[in-house]
Amino acid sequence: MATRIRPGSRITTIERHIMDKQTDFPDATGSLTNLLYDIAVAGKLISSHTTRAGLADILGSTGQENVQGEEVQKLDVYAQQTIYQLNDHTGRLAVMGSEEEENIIPIPDKYPTGKYVLLFDPLDGSSNIDFNVSVGTIFAIFKRKTESGRGTLEDVLQKGTEVVAAGYIVYGSSTMFVYSTGDGVHGFTLDPTIGEFLLSHPDIRLPDPPKYYSANQGYQSRWSEGIQRYTRWLRGEEGATRSLSLRYIGSMIADIHRNLLGGGVFYYPTDSKVPKGKLRLLYEAIPMSFLIEQAGGYASTGQGPIRDIQPTKLHQRTPLFVGNRELVEKAEEFIAKYDGAS
Ligand code: AFP
C-alpha cells in the first residue's frame with residue numbers, strides 16, 4: 001500500500017534526514033553521510049530479495065558452511081555480496097568485517113581507501129528464512145585507527161565506546177531502517193511503491209514501563225542459578241512486583257526491535273553449551289547495544305557494560321543483556337548474587 005500523506009504532515013526521506021544531520025558537523029566531508037546512504041540502498045536491494053524469496057527460487061541452503069560452522073543460506077550470500085559491492089570502491093572505507101567472512105575484508109588494491117571501518121552481519125536470523133520469519137542486517141561504523149593504507153585487524157578490533165554510527169534493517173511485515181550517529185535513534189519505514197525509506201519513528205526512546213522479556217527459555221536447564229532466578233523475577237516471582245510477557249522470535253534484530261518499541265529486555269546468556277555466549281560482539285552486540293543505549297537503555301554482559309569490552313578477535317562471542325536499564329541492571333544483580341564473579 002502506498003504511503004498516505006496527511007495534509008500538513010512533513011515527509012522526510014532517509015537521504016534528507018542523514019544530510020540534515022550532517023549539517024550539525026561543520027567539518028563533515030560527507031563521507032559518513034554517503035556511507036549510511038549506501039547501506040540504506042543495500043537494505044532496499046536485500047529487502048526486495050527477502051520478500052520474493054520463495055518466488056525467485058532463492059530460498060534454501062547453498063549447502064556450504066560459514067566460518068561459524070552454520071549452514072549458509074543463499075540469501076546470506078546475496079546480502080554479503082550486495083553490501084560488499086556497494087562499499088568496496090567508494091574510497092570511504094579502510095577495511096570491512098562480516099559474519100560471513102573468516103578474515104577481515106580488505107579494500108581491493110585498485111580502489112582508494114578512506115577513514116571508516118564497516119562491520120556487519122549481512123543477514124541475522126537467517127536460519128529463520130525458510131519459515132517466513134523476520135530477519136535483518138546489522139552494521140557498526142568506526143573510524144580507522146591506523147593512519148593510512150589498507151586497513152588492518154587493529155582497525156576492526158574496537159570497543160563499543162568508539163562507534164561512530166550503527167544501525168539495522170529489519171525485513172519484517174514492512175522493512176525498517178533504524179540508525180543512530182550518537183544523536184538519538186531514528187526509524188524509517190520502506191514504502192516499496194516508491195522505493196524510499198520515510199521517517200516513521202523519530203527519536204525513539206525505550207518505553208517505560210517495559211512490556212517484554214525475550215530469551216530462549218528452552219535452554220533454561222543449561223542456565224546458571226542467577227539467570228534462572230532472574231527469569232523467574234521477570235515472570236513476577238523472586239520478590240518481583242510485576243510480571244512481563246515473554247516474546248521470543250529467535251531473530252535478534254526482530255526481538256530487540258520489538259523491545260525497542262514496546263520496552264523490555266532481550267538476553268542470550270552463557271550456558272553450559274555456549275560458555276562464552278552465542279552472539280558476536282563486534283557486529284551484533286556492539287551495534288545493538290549502541291542503539292539501545294542511545295534510546296535510553298543499557299547493554300551488559302551480565303557483569304558490566306558491553307561497551308567496555310576490548311575485542312581481541314573478529315568473531316568473538318559474548319553474553320548479552322540489552323534493554324531497559326532497570327531490567328538489565330537487575331540481571332547484573334542476580335548474576336553477582338548467585339553466580340559470583342565467574
Ligand atoms: P542465525 O543467524 O543462525 O539464525 O542465528 C540467529 C542468532 O544469532 C540471533 O539472531 C538469535 O537471537 C539467536 O541466534 C537465536 O539463537 P537460538 O536459536 O539458540 O535461540
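Visitor: Which ligand atom is 2.7 Å from an N or O atom in the side chain of Tyr-219?

Guide: In this predicted model, the partner of that Tyr-219 side-chain atom is an oxygen atom of the ligand. A pair of N or O atoms counts as a polar contact when the two lie within 3.5 Å, so the 2.7 Å at Tyr-219 fits that reading. Tyr-268 also places a polar side-chain atom 2.6 Å from a ligand oxygen. With Ser-126 the backbone takes part: one of its N or O atoms lies 3.2 Å from an oxygen atom of the ligand.

Visitor: How much of the ligand's accessible area does the protein cover?

Guide: On its own the ligand has 480 Å² of accessible area, and the protein covers 88% of that.

Visitor: Which elements give two or more residues to the shell around the ligand?

Guide: Those are strand S13 (264-268) and strand S14 (279-280). The ligand is surrounded by 16 residues, and the closest are Ser-127, Tyr-219, Tyr-248, Met-252 and Tyr-268. Sorted by class, the shell holds six nonpolar, six polar and four charged residues.

Visitor: Now the rings. How many aromatic pairs are there?

Guide: The count is 14 aromatic pairs. One of them joins Tyr-230 and Trp-233, with 6.2 Å from centre to centre and 15° between the planes, and this pair is stacked. Both residues belong to helix H5 (residues 225-234) and sit three residues apart, about one turn of the helix. Tyr-230 and Trp-233 are both buried.

Visitor: Why is the pair of Tyr-248 and Phe-266 called stacked?

Guide: Planes under 30 degrees apart count as stacked. The planes of Tyr-248 and Phe-266 are at 15°, with ring centres 6.5 Å apart, so this pair is stacked. Tyr-248 is in the loop between strand S12 (245-246) and helix H6 (252-262), while Phe-266 is in strand S13, so the pair ties together parts that are 18 residues apart in sequence.

Visitor: Is Phe-266 buried or exposed?

Guide: Phe-266 is buried, at a relative accessible area of 3%. Its partner Tyr-248 is partly exposed, at 30%.

Visitor: Which residues do ring pairs link into a cluster?

Guide: The cluster consists of Trp-223, Tyr-230, Trp-233, Tyr-267, Phe-321, Phe-334 and Tyr-338. Here you meet Tyr-230 and Trp-233 from helix H5 again.

Visitor: And charges over rings: which ring does the charged end of Arg-258 sit over?

Guide: That is the ring of Tyr-212, with the charged end of Arg-258 at 5.4 Å from the ring centre. Arg-325 lies over the face of Tyr-298, at 4.5 Å from the centre of that ring.

Note on methods
Residues are numbered from 1 along each chain as its sequence is written. This is a predicted model: local features need pLDDT of at least 70, side-chain atom pairs count only at pLDDT 80 or more; totals for chains, interfaces and linings use all residues. Side-chain values use heavy atoms; hydrogens and water are left out. A residue is near a molecule or strand if one of its heavy atoms lies within 4 Å of it. A polar contact is a pair of N or O atoms within 3.5 Å; within protein, one must be able to donate a hydrogen and the other to accept it, and residues adjacent in sequence count only if both atoms are side-chain atoms. Accessible areas come from the Shrake-Rupley method with a 1.4 Å probe; for residues, only the protein chains shown count as cover. Helices (H or I, at least four residues) and strands (E, at least two) are DSSP runs, numbered from the N terminus. Ala, Val, Leu, Ile, Met, Phe, Trp, Tyr, Cys and Pro count as nonpolar, Asp, Glu, Lys and Arg as charged, and the others, Gly among them, as polar. Rings of Phe, Tyr and Trp (its six-membered ring) pair if their centres lie within 6.5 Å; planes under 30 degrees apart count as stacked, over 60 as edge-to-face and the rest as tilted. Buried means under 20% relative accessible area, exposed over 50%, partly exposed in between (1.4 Å probe, protein chains only). A charge sits over a ring if NZ of Lys or CZ of Arg is within 6 Å of the ring centre and within 35 degrees of the ring normal.
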